[in-house]
Amino acid sequence: MAKRNNSHLPLSEALNEFIKENKLQKGMDKVDAREAWVNLMGNGVNNYTTAVELKNETLYVSLSSSVLREELSLGKTKIISMINEELGRELVKKLVLR
């Protein structure tokens, strides 16, 4: 059984410590990247988005519209920088639209 720490910790620090101890950061990064895509792209793009998945440093986005896929492919570098800015760190290095 883990030793109880009697000092008072803010909830955010306790959660961050729990995530670090249980090696859950990769899973949290996947969820954060998906949420960042939804927040940044808005309803117009999200209506055509079927899947968003982060593998290693690559964000894979499946779109149901080939026209939208072509339009978004023109601004890949800007989308990557916007997502990384939203996340607060350099998490996504490559964007694949499919």
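Does Leu54 count as buried or exposed, and at what relative accessibility? Leu54 counts as buried, at 6% relative accessibility. That residue gets its own close-up below, along with a few other spots in this predicted model.

**View 1. The sheet, strand by strand.** Here we have an open sheet of three strands, in the order 1-2-3 and with mixed pairing. Strand 1 (49-55) and strand 3 (94-97) are the edge strands, each pairing on one side only. On average, neighbouring strands of this sheet are turned by 15 degrees against each other, direction ignored. Strand 2 (residues 58-63) and strand 3 run parallel, and four bridges join them. To pick one residue to look for, Thr58 has Lys94 as its bridge partner in strand 3.

**View 2. Helices packed on the sheet.** Continuing with the sheet, strand 2 is joined to strand 3 by four bridges. Helix 2 (residues 25-46) packs on this sheet and touches strand 1, strand 2 and strand 3. The direction of helix 2 makes about 150 degrees with that of strand 1. Helix 4 (residues 76-87) packs on the sheet too, touching strand 2 and strand 3. For helix 4, the direction makes about 120 degrees with that of strand 3.

**View 3. The largest nonpolar core.** This core has 19 residues, and Trp37, Leu59, Val61 and Leu72 touch the most other members. Helix 2, strand 1, strand 2, helix 3 (66-73), helix 4 and strand 3 each chip in at least two residues. Helix 2 gives the largest share, with five residues. Zoom in on Trp37 and, leaving aside neighbours within four places in sequence, you'll find contacts that include Val45, Asn46, Thr49 and Val52. Leu59, Val61, Leu72, Ile79, Ile83 and Leu97 are also among the contacts of Trp37.

**View 4. Leu54 and its surroundings.** Leu54 lies in strand 1, and it counts as buried because its relative accessibility is 6%, below the 20% cut-off. Skipping neighbours within four places in sequence, Leu54 is in contact with Asp29, Lys30, Ala33, Leu59, Leu91 and Val92. Leu97 makes a handy reference point: Leu54 and Leu97 are 43 residues apart in sequence and 12 Å apart in space, C-alpha to C-alpha.

**View 5. Thr58 in strand 2.** Thr58 has its place in strand 2 and, at 14% relative accessibility, counts as buried. Not counting residues up to four places away in sequence, Thr58 touches Glu53, Lys94 and Val96. Lys94 will look familiar, as the bridge partner of Thr58 in strand 3.

**View 6. Two loop residues with positive phi.** Lys23 is found in the loop between helix 1 (11-21) and helix 2. Lys23 isn't a glycine, yet it has a positive phi of about 55 degrees. Its relative accessibility is 74%, so Lys23 counts as exposed. Now hop over to Asn56, in the loop between strand 1 and strand 2. Asn56 also has a positive phi of about 55 degrees although it is not a glycine. With 72% relative accessibility, Asn56 counts as exposed.

**View 7. A lysine over a tyrosine ring.** The charged end of Lys55 sits over the ring of Tyr60. Its distance from the centre of that ring is 5.8 Å. If you're hunting for aromatic pairs, the structure holds zero of them.

Conventions. Residues are numbered from 1 along each chain as its sequence is written. This is a predicted model: local features need pLDDT of at least 70, side-chain atom pairs count only at pLDDT 80 or more; totals for chains, interfaces and linings use all residues. Side-chain values use heavy atoms; hydrogens and water are left out. Two strands pair if DSSP finds at least two bridges between them. Axes are lines fitted to C-alpha atoms, for helices over the stretch in contact, and angles run from 0 to 180 degrees between N-to-C directions. Contact means heavy atoms within 4.5 Å. A nonpolar core is a set of buried Ala, Val, Leu, Ile, Met, Phe, Trp, Tyr and Cys residues joined through side-chain atoms within 4.5 Å. Buried means under 20% relative accessible area, exposed over 50%, partly exposed in between (1.4 Å probe, protein chains only). Rings of Phe, Tyr and Trp (its six-membered ring) pair if their centres lie within 6.5 Å; planes under 30 degrees apart count as stacked, over 60 as edge-to-face and the rest as tilted. A charge sits over a ring if NZ of Lys or CZ of Arg is within 6 Å of the ring centre and within 35 degrees of the ring normal.
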